[in-house]
Amino acid sequence: MDLLRVEHICKTYGSGEAAVHALKDVSFSVPKGEFVAIVGESGSGKSTLLNMIGALDTPTSGRVFINGKNTFAMKEKALTIFRRRNIGFIFQAFNLIPELSVEQNMIFPLLLDHQRPNRRYLEELLSVLGLEQRRNHLPSQLSGGQQQRVAIGRALMTRPSLVLADEPTGNLDSQNSGEVLALLKETARQYEQTVIMITHNPSIAHTADRVFRVSDGVLTDLGGCRT
């Protein structure tokens, strides 16, 4: 069964001669457990597509199904809860809360949902991410690679079925980029999650199970790239 199904998504900003067609009739599906990379030039529409998948923006037309649920048919409150419980977001800029510790940042999405953190799972994530000795540190006391590890932990803490990563290695050096990518792939495999990652780096895209290219709002499936 496909975990994600995107059907005829179009997104247009503005109208008339000033209209910008950011996405043009985009359709594809992704089965559970697949690691997908989306590549494209700046302004190609790949970030817009990720926002549609994550229900952070609404399409001009088309539908998105996650676990068989039509996200854009939901009322706002129900969509917020569904998104919080089913989608994990990893951003290029980390987006950690500076006043909170590593552990507090990781469990924050659960607290927003009025849920009690599973301490065993938290300890497991801290261990997998190599953050056990940093659990009480603030983001300002961490390296860029460590901050991105916290962001990955926060995204995984709710056990989402879908993880969306927007240039997760964009602010990291090559060594940290490789480590974070390997970690993201390993945790996705370990916890049976579907990952969709935007990247401008061909070598990073090459490690994915499948690669999509977005150009001028049109999506092309480039197939599998792994050897």
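Biologist: I am new to this structure, so let me start with one residue. Is Asp-113 buried or exposed?

Modeller: A residue is called buried when its relative accessible area is under 20%. Asp-113 has a relative accessible area of 9%, so it is buried. Do keep in mind that this is a predicted model.

Biologist: Where does Asp-113 lie?

Modeller: Look at the loop between α3, residues 102-112, and α4, residues 119-128; Asp-113 lies there.

Biologist: And which residues is Asp-113 in contact with, leaving aside its neighbours within four places in sequence?

Modeller: Those are Ile-81, Arg-84 and Arg-85. With Arg-84 there is also a polar contact: the two side chains are joined at 3.1 Å.

Biologist: Let's turn to empty space. How much space lies in the largest pocket?

Modeller: The general idea is simple: rolling a probe the size of a water molecule over the atoms shows where empty space is left. In this model, the largest pocket holds about 380 Å³ of space. It is lined by 16 residues, and the closest to its centre are Arg-84, Phe-89, Pro-109, Leu-112 and Arg-154. You have already met Arg-84, as the polar partner of Asp-113.

Biologist: Which elements each supply at least two residues of the lining of the largest pocket?

Modeller: You can find them as helices α2 (76-86), α3 and α5 (144-156), together with β6 (87-91).

Biologist: Now for the strands. In what order do the 4 strands of the open sheet stand?

Modeller: As a rule, strands of a sheet pair through backbone hydrogen bonds, either parallel or antiparallel. Here the order is β2-β1-β4-β5, and the pairing is antiparallel. At the edges stand β2 (20-31) and β5 (69-70), each with a single partner strand, so one side of each has no neighbour in the sheet.

Biologist: Over how many bridges do β4 and β5 pair?

Modeller: Strand β4, residues 61-66, pairs with β5 over 2 bridges, in the antiparallel sense. To see one of these bridges, find Ile-66, whose partner in β5 is Lys-69.

Biologist: Which strands does helix α1 lie across?

Modeller: Helix α1, residues 46-53, lies across β1 (2-13), β2 and β4. Against β2, the helix runs at about 55°.

Biologist: How many residues of β3 are buried?

Modeller: For β3, residues 35-39, the count is 5 of 5, so read with the cut-off of under 20% this strand is mostly covered. It helps to look at each face: Phe-35, Ala-37 and Val-39 are on one side, Val-36 and Ile-38 on the other, and all are buried.

Biologist: Which strand is joined to β3 by 4 bridges?

Modeller: Strand β8, residues 194-198, is joined in this way, and the two run parallel. Strand β9, residues 210-215, is also joined to β3 by 4 bridges and runs parallel with it. Ala-37 is a good residue to follow: it stands opposite Met-197 in β8 and opposite Val-211 in β9. Another pair to look for is Phe-35 opposite Val-195 in β8.

Biologist: Why is β8 described as largely enclosed?

Modeller: Because 5 of the 5 residues of β8 are buried, the strand is largely enclosed by the rest of the structure. Thr-194, Ile-196 and Ile-198 point one way, while Val-195 and Met-197 point the other way. Strand β8 also runs parallel to β7, joined to it by 5 bridges, with Leu-162 opposite Thr-194.

Biologist: Finally, backbone angles. Which residue has a positive phi of about 55° although it is not a glycine?

Modeller: That is Arg-159, found in the loop between α5 and β7 (162-166). Its relative accessible area is 48%, so Arg-159 is partly exposed. Asp-216 is another non-glycine residue with a positive phi, near 50°. It lies in the loop between β9 and β10 and, at 58% relative accessibility, counts as exposed.

Biologist: What does Val-218 sit close to, going by the separation of C-alpha atoms?

Modeller: The C-alpha atoms of Val-218 and Leu-23 are separated by 6.3 Å, although these residues are 195 residues apart along the chain. Val-218 lies in β10, residues 218-223, and is partly exposed at 38%. Leaving aside neighbours within four places in sequence, Val-218 is in contact with Lys-24 and Arg-213.

Terms used
Residues are numbered from 1 along each chain as its sequence is written. This is a predicted model: local features need pLDDT of at least 70, side-chain atom pairs count only at pLDDT 80 or more; totals for chains, interfaces and linings use all residues. Side-chain values use heavy atoms; hydrogens and water are left out. Buried means under 20% relative accessible area, exposed over 50%, partly exposed in between (1.4 Å probe, protein chains only). A polar contact is a pair of N or O atoms within 3.5 Å; within protein, one must be able to donate a hydrogen and the other to accept it, and residues adjacent in sequence count only if both atoms are side-chain atoms. Contact means heavy atoms within 4.5 Å. Two strands pair if DSSP finds at least two bridges between them. Axes are lines fitted to C-alpha atoms, for helices over the stretch in contact, and angles run from 0 to 180 degrees between N-to-C directions. On a 1 Å grid over the protein atoms alone, a cavity is a set of points where a 1.4 Å probe fits but cannot get out, and a pocket is an open set with protein on both sides within 12 Å along at least five of seven lines; lining residues have an atom within 4 Å of a point. Grid points are joined across faces, edges and corners, and a volume is the space filled by probe spheres set on the points.
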